[in-house]
Amino acid sequence: MVEELEKTLEFESTKVSIRYCRPKQELQNPKFKEPIVNVTASVGREAILACVVQDLSAYKVAWLRVDTQTILTIAKHVITKNHRIGVTNSDDRTWFLHIREVKESDRGWYMCQINTDPMKSQNGYLDVVVPPDILDYQTSTDMVVREGSNVTLRCAATGSPVPNITWRREDGQVILLGNKQVASVEGSTFNIIRVNRLHMGSYLCIASNGVPPSVSKRIMLIVHFPPMVDIQNQLVGAREGQAITLECISEAYPKSINYWTRDMDEIIPQGDKYEPVLMDNAYKVHMKLTIRSVTSLDYGSYKCVSRNSLGDTDGSIKLYRIPPSSGSHSTYANDTKYKGKLRKNYGNNIIQGNQDMLKERDLKLRGRKENGDDEDEDYSDSGASFTRGCPSLTLTAVVLILCLHHHHPQLRRLHPA
């Protein structure tokens with residue numbers, strides 16, 4: 001035998017009367033088998049809350065939204081008009097509340113209720129997490145600043161949980177903060193004191209809260225400064241007929257106009273004789289001027305000039321003449337030609353490195369010196385000297401010394417092979 005009951009519930013601000021039946025004599029006493037497990041779902045996904053009931057018998061299970069006291073489902077029927085709500089069950093023991101395409105507004109407490117008298121219920125919480133999103137209107141855009149000024153970059157983001165903001169350079173280089181170098185900066189604002197050209201580049205504002213995906217925005221920081229020229233060698237020497245390259249480094253932003261001039265500030269054009277080359281790298285320009293064959297008219301001052309809207313500067317390089325080397329050209333066994341005075345290490349080129357012959361030569365020269373003969377021209381590092389009356393060592397003298405070495409027993413004893 002059953003008893004018909006009527007219960008009034010409020011549904012979306014409207015009172016609804018529901019008639020249902022329950023046994024007059026309860027054969028079983030339903031109860032909850034386990035508590036409702038709290039659920040976390042991302043926006044746009046499906047959330048499922050489970051209510052496990054034991055000994056339900058003829059009683060009904062209903063799902064309600066606690067904060068609004070809205071009836072969502074009763075037994076297997078969906079009461080709310082929200083098309084995203086659904087209900088399923090498993091053997092009248094586990095009742096599942098489905099919330100599809102979850103929204104932030106779905107966050108809150110949900111009640112699983114059994115229509116006993118008195119009513120039995122338990123609650124479960126649905127947490128809705130939201131991946132981060134950067135707010136463009138509160139976030140800095142590309143910036144152009146003068147070198148030496150202070151800069152503040154801002155980044156604002158929404159999400160649940162509240163996102164963390166990290167700043168990094170897009171090129172992966174370190175960030176300069178005073179005397180420190182750091183890989184990243186934390187916080188919604190990023191301050192740079194006395195910005196310089198090394199700070200120029202693209203920065204990424206990265207927002208993350210553990211809910212994928214993380215998002216980022218690219219902010220370009222442009223630093224303007226007048227030109228500066230750096231010259232490694234301001235004095236360059238060259239012989240006539242030699243090819244020579246003059247070099248200097250220019251730094252400027254906005255990008256500069258770069259060119260070479262001669263003594264009277266005449267711009268040097270590209271041609272058969274001169275080859276100016278510019279190699280850009282961000283705000284740096286490597287300037288090269290190659291003179292293919294130096295003549296007497298090419299000696300003098302050269303300037304590398306750099307100009308932009310903030311100013312201009314130049315650097316001077318002096319090209320001076322190196323006189324041709326004096327002395328005769330000699331060809332030895334290896335056909336190597338030498339200019340100027342011969343050094344002691346040339347001996348190996350005479351007769352395949354015969355060191356005994358050279359030692360005999362040094363003995364004779366030392367003997368002459370001990371006899372009071374005047375010294376002549378030095379052989380730099382060897383310490384051997386020739387008398388004024390003794391001509392330079394010739395091939396005939398070499399052969400003569402070689403013969404003495406083989407036929408004079410004393411010399412052979414002094415200098416064993």
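In the protein, residues 24 or more positions apart account for 57% of the contacts with a separation of 6 or more. The structure described here is a predicted model, and its secondary structure comes to three helices and 31 strands. Of the 417 residues of the protein, 37% count as buried.

The confidence of the prediction has to be considered before any detail is read. The mean pLDDT of the protein is 79, and 71% of the residues reach 70 or more. Confidence is highest in strand β16, residues 164-169, at a mean of 98, and lowest in strand β31, residues 337-338, at a mean of 29. Two stretches have to be set apart in this respect. Over residues 1-6, pLDDT stays under 50, and the model has 20 contacts beyond four places in sequence for this stretch. Over residues 326-417, pLDDT likewise stays under 50, with 86 contacts beyond four places in sequence in the model. Where pLDDT is low, the predicted coordinates should not be read in detail.

Two open sheets may be described in turn. In the sheet with the order β3-β5-β10-β9, four strands are joined and the pairing is antiparallel. Its edge strands, which each pair on one side only, are β3 (31-34) and β9 (85-90). On average, and with direction ignored, neighbouring strands of this sheet are turned by 30° against each other. The edge strand β3 pairs with strand β5, residues 47-54, in the antiparallel sense over three bridges, and Glu-34 stands opposite Val-52 in β5. Strands of a sheet pair through backbone hydrogen bonds, either parallel or antiparallel.

Four strands also form an open sheet in the order β23-β29-β28-β25, and here the pairing is mixed. The edges of this sheet are formed by β23 (235-238) and β25 (257-261), each of which pairs on one side only. Its neighbouring strands are turned by 25° against each other on average, direction ignored. Within the sheet, strand β28 (residues 300-308) and strand β29 (residues 311-321) pair in the antiparallel sense over nine bridges, and the bridge partner of Arg-307 in β29 is Asp-312. On its other side, β28 meets β25, and these two strands pair in the antiparallel sense over five bridges. The bridge partner of Trp-260 in β28 is Cys-304. Although β25 is an edge strand, four of its five residues are buried, so β25 is largely enclosed by the rest of the structure.

Aromatic side chains give a further view of how separate parts of the chain are brought together. The count of aromatic pairs comes to four. In one of them, the ring centres of Trp-167 and Phe-190 are 5.8 Å apart and the planes stand at 40°, so the pair is tilted. This pair links distant parts of the chain, since Trp-167 belongs to strand β16 and Phe-190 to strand β20 (residues 189-192), 23 residues apart. Trp-167 is buried, with a relative accessible area of 0%, and Phe-190, at 1% relative accessibility, also counts as buried. Ring pairs link both of these residues with Tyr-203 into a cluster.

Phe-225 and Tyr-283 form an aromatic pair that is edge-to-face, with 5.6 Å from centre to centre and 85° between the planes. Phe-225 lies in strand β22 (residues 215-230), whereas Tyr-283 lies in the loop between β26 (274-281) and β27 (284-291), so the pair ties together parts that are 58 residues apart in sequence. Both Phe-225 and Tyr-283 are buried. The ring of Phe-225 also has the charged end of Arg-197 sitting over it, 3.8 Å from the ring centre. In a further arrangement of this kind, the charged end of Lys-273 sits over the ring of Tyr-274, 5.9 Å from its centre.

A last example concerns a residue in a loop. Ser-140 lies between β12 (120-134) and β13 (143-146), and at 13% relative accessibility Ser-140 counts as buried, because the limit for burial is under 20%. When residues up to four places away in sequence are not counted, Ser-140 touches Thr-152, Leu-153, Arg-154, Lys-217 and Ile-219. Ser-140 and Thr-189 are 49 residues apart in sequence, while their C-alpha atoms are 9.6 Å apart in space.

Key: Residues numbered from 1 in each chain as written. Predicted model: local features only at pLDDT ≥ 70, side-chain atom pairs only at ≥ 80, totals over all residues. Heavy atoms only, no water. pLDDT = per-residue confidence, 0-100. Contact = heavy atoms within 4.5 Å. Pairing = 2+ DSSP bridges. Axes fitted to C-alpha atoms, helices over the stretch in contact; angles between N-to-C directions. Phe/Tyr/Trp six-rings, centres within 6.5 Å; stacked < 30°, edge-to-face > 60°. Buried < 20%, exposed > 50% of the residue type's maximum accessible area, 1.4 Å probe, protein only. Lys NZ or Arg CZ within 6 Å of the ring centre and 35° of its normal.
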